[in-house]
Amino acid sequence: MTHYPETFETSRRLYERACKVMPGGNTRTTVYINPFPIYVTRGEGCRVWDVDGQVFYDCINNFTAMIHGYTQPEMNAAVTDQLALGTAFGAPTLSEIELAELLIERLPAMDQIRFANSGTEGVMMAIKAARAYTNRPKIVKIEGAYHGSYDFAEVSLDSSPSNWGDMPASTAYAKGTPEGVLNDVLVVPFNDVEALKAVFAAHGETIAGVLIDPMPNRAGLIPARKDYLEALVEIAHGAGALVIFDEVISFRLGYSGAQGLWGIRPDLTALGKIIGGGFPVGAVAGRADVMAVFDPSRGKPALPHGGTFTANPVTMRAGLAAMRALTPEAFAHLDALGEFLRNGVNAALEKVGLPGRCVGLGSLFKVHFTSGPITDYRSVYPGPVEKKRLDAFHKGLLNRGVLSASYGLFALSTPMTMEDAGNILQAIEDTLAEIAAAG
Ligand SMILES: Cc1ncc(COP(=O)(O)O)c(C=O)c1O
């Protein structure tokens with residue numbers, strides 16, 4: 001059995017080497033694990049191998065991006081073919097039209113799309129497009145929701161009882177965040193219609209849009225109520241503001257993403273992760289009249305946007321292969337895996353007598369070690385006991401050959417079989433029993 005950190009000596013040595021040339025040995029905060037991260041050499045199907053030769057079921061899948069796991073044949077073929085033709089040009093290629101057509105066909109409320117290199121950039125463009133279209137400065141976002149590394153999107157990402165206030169307050173995530181950013185981002189609790197009404201009553205004429213992830217991962221992976229999303233659209237539109245769906249993660253919930261699942265028609269949608277087939281990607285899609293802010297064909301657009309590697313043909317072709325493989329049958333398979341694991345985890349929590357619940361939808365789930373009702377960011381904000389259990393859960397699974405995100409997120413992939421899901425569940429059951437025994 002692997003045992004962290006003892007059986008990860010090569011990772012430890014690589015981390016020490018990294019510390020000399022990168023701050024804290026790290027170039028991506030999300031992959032840091034204390035005392036050192038696990039360095040990976042390769043992946044195949046739903047498994048990854050680390051530099052110490054240990055093998056794991058990968059339930060992180062590059063933070064949900066690798067929906068087909070690793071070395072998927074059609075994606076590999078598309079990429080190797082493109083490598084021989086050239087990887088990036090100062091000119092458009094056919095591949096961007098093909099991926100745009102596929103995505104627009106899957107998202108009936110979206111007329112047009114524009115690519116970028118990360119989900120962060122997709123969200124940023126969506127916010128800027130809403131501002132440019134409405135000529136208003138403010139956005140509304142959900143407390144605790146993550147939308148990438150962009151000042152405006154980061155407001156109140158890690159609010160805590162010491163600063164979150166009643167309204168809630170708009171809190172800075174990074175030191176040095178300009179006051180102007182905090183003033184222009186209004187924060188509301190998730191799934192709370194009255195709070196939305198209040199914020200629009202106070203600021204309606206200056207709000208450009210509401211940014212919402214219908215199942216915000218960092219805010220608890222709690223699915224939005226349909227009536228809440230319907231009210232949100234009505235309230236925003238009533239005030240002349242736009243609705244921006246962040247589907248960077250939630251697009252993996254179904255053939256038409258979360259908006260298809262909930263039956264909601266947002267004005268703009270930010271995309272990323274799975275649409276790049278394992279390569280850096282982002283996008284903003286939207287109604288034609290809103291997307292016109294980017295249109296350079298009639299002089300300087302209201303919102304110019306560039307990007308050296310935007311829509312590079314490697315990403316576009318890998319993305320096209322990945323999305324084509326995401327058939328309705330593939331989504332049904334992912335849903336079945338997710339349902340089996342969510343039910344199994346909840347049963348295991350009950351069996352060992354630990355307070356907690358497994359939440360999520362489709363191929364995503366998350367475990368909260370809390371006994372109260374799970375409604376929003378504050379309801380799952382971990383206290384010291386929950387933090388300790390989350391850490392023990394993460395490390396216990398690592399020791400049983402399952403990689404999950406350190407904050408409790410699991411993302412499944414199409415190459416996983418029901419037998420794999422059974423093995424993952426067994427590891428979860430054993431880990432929960434160990435945590436319960438430790439008290
Ligand atoms: C909901 C959501 N939006 C935006 C982003 C930013 O995407 P990227 O990391 O590609 O910049 C993420 C990344 O995890 C995300 O989860």
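**Exercise 1. At what angle do helix α12 and helix α14 pack, and how far apart are their axes?**

Before solving, a word on the model: it is predicted, so local features need pLDDT of at least 70 and side-chain atom pairs count only at pLDDT 80 or more, while totals for chains, interfaces and linings use all residues. Residues are numbered from 1 along each chain as its sequence is written, and side-chain values use heavy atoms, with hydrogens and water left out.

Step 1. Find the helices: α12 covers residues 328-352 and α14 covers residues 418-438. Helices (H or I, at least four residues) and strands (E, at least two) are DSSP runs, numbered from the N terminus.

Step 2. Read off the geometry: the angle is about 20 degrees and the axes are 10 Å apart. Axes are lines fitted to C-alpha atoms, for helices over the stretch in contact, and angles run from 0 to 180 degrees between N-to-C directions.

Step 3. Name the arrangement: α12 is roughly parallel to α14. Angles under 35 degrees count as roughly parallel, over 145 as roughly antiparallel, 65 to 115 as roughly perpendicular and the rest as oblique.

Step 4. Look at who touches whom (contact means heavy atoms within 4.5 Å). The α12 side includes Phe340 and Gly344, and the α14 side includes Ile428 and Glu429.

Step 5. Sort the contact by class: 16 residues are nonpolar, two polar and one charged. Here Ala, Val, Leu, Ile, Met, Phe, Trp, Tyr, Cys and Pro count as nonpolar, Asp, Glu, Lys and Arg as charged, and the others, Gly among them, as polar.

**Exercise 2. Are α2 and α11 roughly parallel or antiparallel to each other?**

Step 1. Get the angle: α2 and helix α11 (residues 313-325) pack at about 160 degrees, with axes 8 Å apart.

Step 2. Draw the conclusion: the two are therefore roughly antiparallel.

Step 3. Check the contact: residues of α2 such as Met75 and Val79 meet residues of α11, including Arg317 and Ala321. The contact holds eight nonpolar, one polar and three charged residues.

**Exercise 3. Which residues form one aromatic cluster with Tyr4?**

Step 1. Know the rule: rings of Phe, Tyr and Trp (its six-membered ring) pair if their centres lie within 6.5 Å; planes under 30 degrees apart count as stacked, over 60 as edge-to-face and the rest as tilted. The structure holds 13 such pairs.

Step 2. Try one pair: Tyr4 and Phe8 have ring centres 5.3 Å apart and planes at 70 degrees, so they are edge-to-face.

Step 3. Give the cluster: Phe8, Phe36 and Phe56 join Tyr4.

Step 4. Check burial (buried means under 20% relative accessible area, exposed over 50%, partly exposed in between, with a 1.4 Å probe and protein chains only). Tyr4, at 6%, is buried, and Phe8, at 0%, is buried too.

**Exercise 4. Where is the cis peptide bond that involves Tyr4?**

Step 1. Recall the background: most residues other than glycine have a negative phi, and most peptide bonds are trans.

Step 2. Locate the bond: a cis peptide bond joins Tyr4 to Pro5, with omega about 5 degrees. Pro5 sits in the segment before α1 (9-21).

Step 3. Spot another cis bond, from Asn34 to Pro35, with omega near 5 degrees.

Step 4. Turn to phi: Asn62 is not a glycine, yet its phi is positive, about 45 degrees. Asn62 lies in the loop between β3 (55-58) and α2 (73-83) and is partly exposed, at 34% relative accessible area.
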